[in-house]
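Colleague: Could you walk me through this model? I would like to begin with the empty space inside.
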Amino acid sequence: MLKLISNAFHNGETSALFNTEVAQHTRQFHQQIAGYQATPLVSLPQLAKHLGVKAILVKDESHRFGLNAFKVLGGSYALGQLLAQHLNLDISEIDLKTVAEKLEKPMVFATATAGNHGTGVAWAAREMGQKAVVYMPKGSSQASVNRIQGLGAECIVTDVNYDDTVRIANETATANGWMLVQDTAWPGYEQIPTWISQGYMTMAVEAAEQMQALEIQPTHLMLQAGVGAMAGGILGYFADKYGTDALTTIISEPSAADCIYRSGEKGEMVAVTGALNSIMAGLACGEPNPVTWPILKQCSNFFGSVDDSITAMGMRILGNPLAGDAKIVSGESGALNLGLLYAVATNPEYQAMKAEMGLDENSVVMMFSTEGDTNPDRYRQIVWHGAHSAN
Ligand SMILES: Cc1ncc(COP(=O)(O)O)c(C=O)c1O
């Protein structure tokens, strides 16, 4: 149900690709997008008391540009960089409102997605007057397809899993001269994924500012991973800002797609293949991102692998808070860490784990609810009907 290993390869080495300085640039880029607003950092004092920690802070990404997920931060930054490169400009010189006028014809950006990244790319392409073609794996939710098409992009559902869909998007983009904007990397394809992970760092800058306003510093950082692109950007920022000695980081994934967990066991990248069946669609990725894997290996303290019931519990708790706490609508890939914290803090079976993680009354636990109810039918099945309860 829940496995946690301590990272034997941790050495606290930070990364020049993902540090506080880079993050300030990505934040400046996002600030010029119409409608930009920091998402709320929600403190849950009653739950913190209930679980015996000092504070639980949840960054609620369901409010990101009205798109219900954080992912657009990465796609938009990569599109901005690509357009700047195409026009021989620095990204700080790009005016998103007029950039399309500078091009003879719109650029076409292709991508593969479990839903949220494609939504972000489709939205960013539309905002910048460009085109997007989005590929989705077999079994993708119709809600996601509709959302992406509603943003003016072409959307194709394949009959293969996520990782193979990435390969299809790549081949088609190459054949058509489109620009592939993928949120994971492989040898020879690193620059765009680096920009995408850097784009995610805007979330971390906001969180740090919000914590400073609350006069509080995190002791624990809990991050979820698909390929680890988001976790890498955020951990890079936090490690640089707060130092790894002062921070305990836990990176977790669905057990059906726990490539980062297995890589953490081995100290090198390990891929998981097969159907990658999990309700955590955004985290159901079998191959680690080689651009962000080094920072995860160097700076994460623990790797977790959890069943779907853990995140389902997290969704129900966030959606039905204790009196005095605010409600957060958190989707399957967003609520994993709250579910994990709850399980570790309340289940006697995990007491040793709790102690090993150093969770106690002095702990300030920071996490990101990276999506809202992006799959509304499934959200209701879980939160209303109790689907995916632990047996
Ligand atoms: C809601 C949500 N959370 C987290 C992630 C994980 O991001 P990564 O694949 O960078 O690890 C994703 C990825 O799509 C996502 O959609």
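Modeller: On a 1 Å grid over the protein atoms alone, a cavity is a set of points where a 1.4 Å probe fits but cannot get out, with lining residues having an atom within 4 Å of a point. Points are joined across faces, edges and corners, and a volume is the space filled by probe spheres set on them. This is a predicted model, where local features need pLDDT of at least 70 and side-chain atom pairs count only at pLDDT 80 or more, while totals for chains, interfaces and linings use all residues. Residues are numbered from 1 along each chain as its sequence is written, and side-chain values use heavy atoms, leaving out hydrogens and water.

Colleague: How many cavities of 30 Å³ or more are there?
Modeller: The structure holds two of that size, and the largest has a volume of about 300 Å³.

Colleague: Which residues lie nearest the centre of the largest cavity?
Modeller: Phe70, Lys71, Asp183, Gly282 and Leu283 do, out of 25 residues that line the largest cavity. Helices H4 (116–127) and H8 each give two or more residues to that lining; helices here are DSSP runs (H or I, at least four residues), numbered from the N terminus.

Colleague: Changing topic, at what angle do H7 and H8 pack?
Modeller: H7 (residues 191–213) and H8 (residues 229–242) pack at about 45°, with their axes 8 Å apart; axes are lines fitted to C-alpha atoms over the stretch in contact, and angles run from 0 to 180 degrees between N-to-C directions.

Colleague: And which residues meet there?
Modeller: Among them are Tyr200 and Met211 in H7, and Ile234 and Phe238 in H8, where contact means heavy atoms within 4.5 Å.

Notes
1 Å grid on protein atoms, 1.4 Å probe; cavity = no way out; pocket = protein on both sides within 12 Å on 5 of 7 lines; lining within 4 Å.
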